[in-house]
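Biologist: Could we go through the pockets, cavities and ligand surroundings together, with the reasoning behind each label?
Modeller: Gladly; have a look at the model first.
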Amino acid sequence: MTYAHITGWGMAVPEKVLTNDEISKMVDTNDEWIRSRTGIAERHIAAEDESSATLAADAALRALEVANLKASDLDLVIVSSSSPEHIFPATASIVQDTIGATNAGAFDLSAACTGFIFATNMAAQAIRSGSIKNVLVIGTETLSRFVDWTDRNTCILFGDGAGAFVLQADEEPGGVLSAVMHSDGSGADLLTIPAGGSKQPATAKTVNDGLHFIKMEGKGVFRFATRVMARATKETLEEAGLTTDDLDLVIPHQANTRIIEAAARGLKMPMDKFVVNLDRYGNTSTASIPIATVEAFESGRLKAGDKVVFVGFGGGLTWGALAAEWSGPLSAEKKVHHGRYLFLARIRSVLLRALRVVEGLLWGDYGRKRKL
Ligand code: COA
């Protein structure tokens, strides 16, 4: 039998940090209000030369390094994002090219903040089917580009960043154990970017009306989130034949501390079993779970053999959970083996980015001439 193991993980966040105090100079809010209602203290914001694809590629290269895998060994790249580079082509195609995943198919998956769970589950299913061996899953966001910085209801919440997992086939039991995926489109209007799609294409009027920005009915989303987090966790545990007592860690979507506390109460679990880092990153949407995972691993909270549940919710509405047995890092000996290759891959990624900037300056058209 084939199992899908999580063998690599990586994250990338922009250097620039935006604090609550800085936001309070832009809109009528304050640090105390934001911290007490959300738990957020600061978030990272992409610089001009950063985008969902560049952050994704950086996170991906780190995940490949941990997995000790060459990009050319990947069979599939799935990018989950609500702030893709374009309507098309897929951000996954751009990432696939940047990292040199020359043998991989690549596509985007859109399920808002739940996207990383859906994408990881799809990767695991594809591996278990026996058709592919190595998959890269990335959650990446630059939602700061879609935030109305005059709307205090939303601009306090979101941050930019990316996180990635490598999943690999192995006969050894473990890895992804179960997953549940749910959607309820009747709540689609609760969290949306109204214009810019085919229903309401971008016009001067939609831009004047601010319809290209995130619109959210905060209370409705809050109520929905507190209902589904514990429920989805229980469902996936049951499917895996586990109970909350078996769980070492829960890594929830990082939207609001009060939502995570409600989930802990619903599961009758102590908060110290939950990873919370939204104070430093805000809500990075689909990137939040892999970013929290990387930090949990690096701080020693997540160890090989641990049973962990990833659980999230978001626009759509969507929600889901995935249970896994954490596979742990590969041996140091194996890592050294590909160290040189990964160094070269990083250089290649930086050079490609520089090349595209030059192309943009010369032809004013992102990357068009490169392959002619
Ligand atoms: N600073 C100060 N006051 C603010 C504010 C801000 N940034 N944002 C809203 N307010 C005001 C409101 O205008 C309102 O004032 P009023 O009573 O005079 O009308 C008051 O604070 C309470 O607003 P309300 O919307 O009821 O606050 P809340 O307790 O529901 O908290 C959220 C708002 C957005 C923090 C909360 O609803 C939430 O977290 N929702 C879920 C959002 C989410 O997770 N989205 C992403 C999903 S993936």
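Modeller: Let's start with the classes: Ala, Val, Leu, Ile, Met, Phe, Trp, Tyr, Cys and Pro count as nonpolar, Asp, Glu, Lys and Arg as charged, and the others as polar. Please keep in mind that this is a predicted model.

Biologist: How do you know which classes line the second largest cavity?
Modeller: Its lining consists of Phe116, Ile117, Thr120, Phe165, Ile289, Phe310 and Leu322. Phe, Ile and Leu count as nonpolar, while Thr falls among the others and is therefore polar. That gives 6 nonpolar, 1 polar and no charged residues. Helix α5 (residues 115-128) contributes the most to this lining, with 3 residues.

Biologist: What makes a space a cavity rather than a pocket?
Modeller: In a cavity a 1.4 Å probe fits but cannot get out, whereas a pocket is an open set of points. With a threshold of 30 Å³ or more, the search of the whole structure returns 2 cavities. The second largest cavity has a volume of about 30 Å³.

Biologist: And the pockets: what is the volume of the largest pocket?
Modeller: The largest pocket measures about 1100 Å³ by volume. It is lined by 36 residues, and Ser82, Pro84, Ser110, Thr192 and Ile193 are the closest to its centre. Strands β5 (105-109) and β9 (191-192) each give at least two residues to that lining. By class, the lining of the largest pocket holds 18 nonpolar, 14 polar and 4 charged residues.

Biologist: Which pocket does the ligand occupy?
Modeller: The ligand takes up the second largest pocket. A molecule is assigned to a pocket if more than half of its atoms lie within 2 Å of the grid points, so the ligand passes that test here. The volume of the second largest pocket is about 550 Å³. Among its 24 lining residues, Met216, Gly218, Lys219, Phe222 and Asn256 lie nearest the centre. Helix α7 supplies the largest share of this lining, 5 residues.

Biologist: Why is the pair formed by Thr29 and the ligand called a polar contact?
Modeller: A nitrogen atom of the ligand is 2.6 Å from an N or O atom in the Thr29 side chain. The cut-off for a pair of N or O atoms is 3.5 Å, so this pair qualifies. For Arg37, a polar side-chain atom is 2.7 Å from a ligand oxygen atom, and that pair is therefore a polar contact as well. For Trp33 the distance to a ligand nitrogen atom is 3.4 Å, so the pair still falls within 3.5 Å.

Biologist: How much of the ligand does the protein bury?
Modeller: The ligand on its own exposes 960 Å², and the protein buries 75% of that. The shell around the ligand has 22 residues, with Thr29, Arg37, Arg152, Lys219 and Asn256 the closest. By class, the shell has 9 nonpolar, 8 polar and 5 charged residues.

Biologist: What makes the backbone stand out at Pro89 and Ala112?
Modeller: Most residues other than glycine have a negative phi, and most peptide bonds are trans. Phe88 and Pro89 are joined by a cis peptide bond, with omega about 5 degrees. Pro89 sits in the loop between β4 (76-80) and α4 (91-99). Ala112 has a positive phi, near 50 degrees, and lies in the loop between β5 and α5.

Technical notes:
Residues are numbered from 1 along each chain as its sequence is written. This is a predicted model: local features need pLDDT of at least 70, side-chain atom pairs count only at pLDDT 80 or more; totals for chains, interfaces and linings use all residues. Side-chain values use heavy atoms; hydrogens and water are left out. A residue is near a molecule or strand if one of its heavy atoms lies within 4 Å of it. A polar contact is a pair of N or O atoms within 3.5 Å; within protein, one must be able to donate a hydrogen and the other to accept it, and residues adjacent in sequence count only if both atoms are side-chain atoms. Accessible areas come from the Shrake-Rupley method with a 1.4 Å probe; for residues, only the protein chains shown count as cover. On a 1 Å grid over the protein atoms alone, a cavity is a set of points where a 1.4 Å probe fits but cannot get out, and a pocket is an open set with protein on both sides within 12 Å along at least five of seven lines; lining residues have an atom within 4 Å of a point. Grid points are joined across faces, edges and corners, and a volume is the space filled by probe spheres set on the points. Helices (H or I, at least four residues) and strands (E, at least two) are DSSP runs, numbered from the N terminus.
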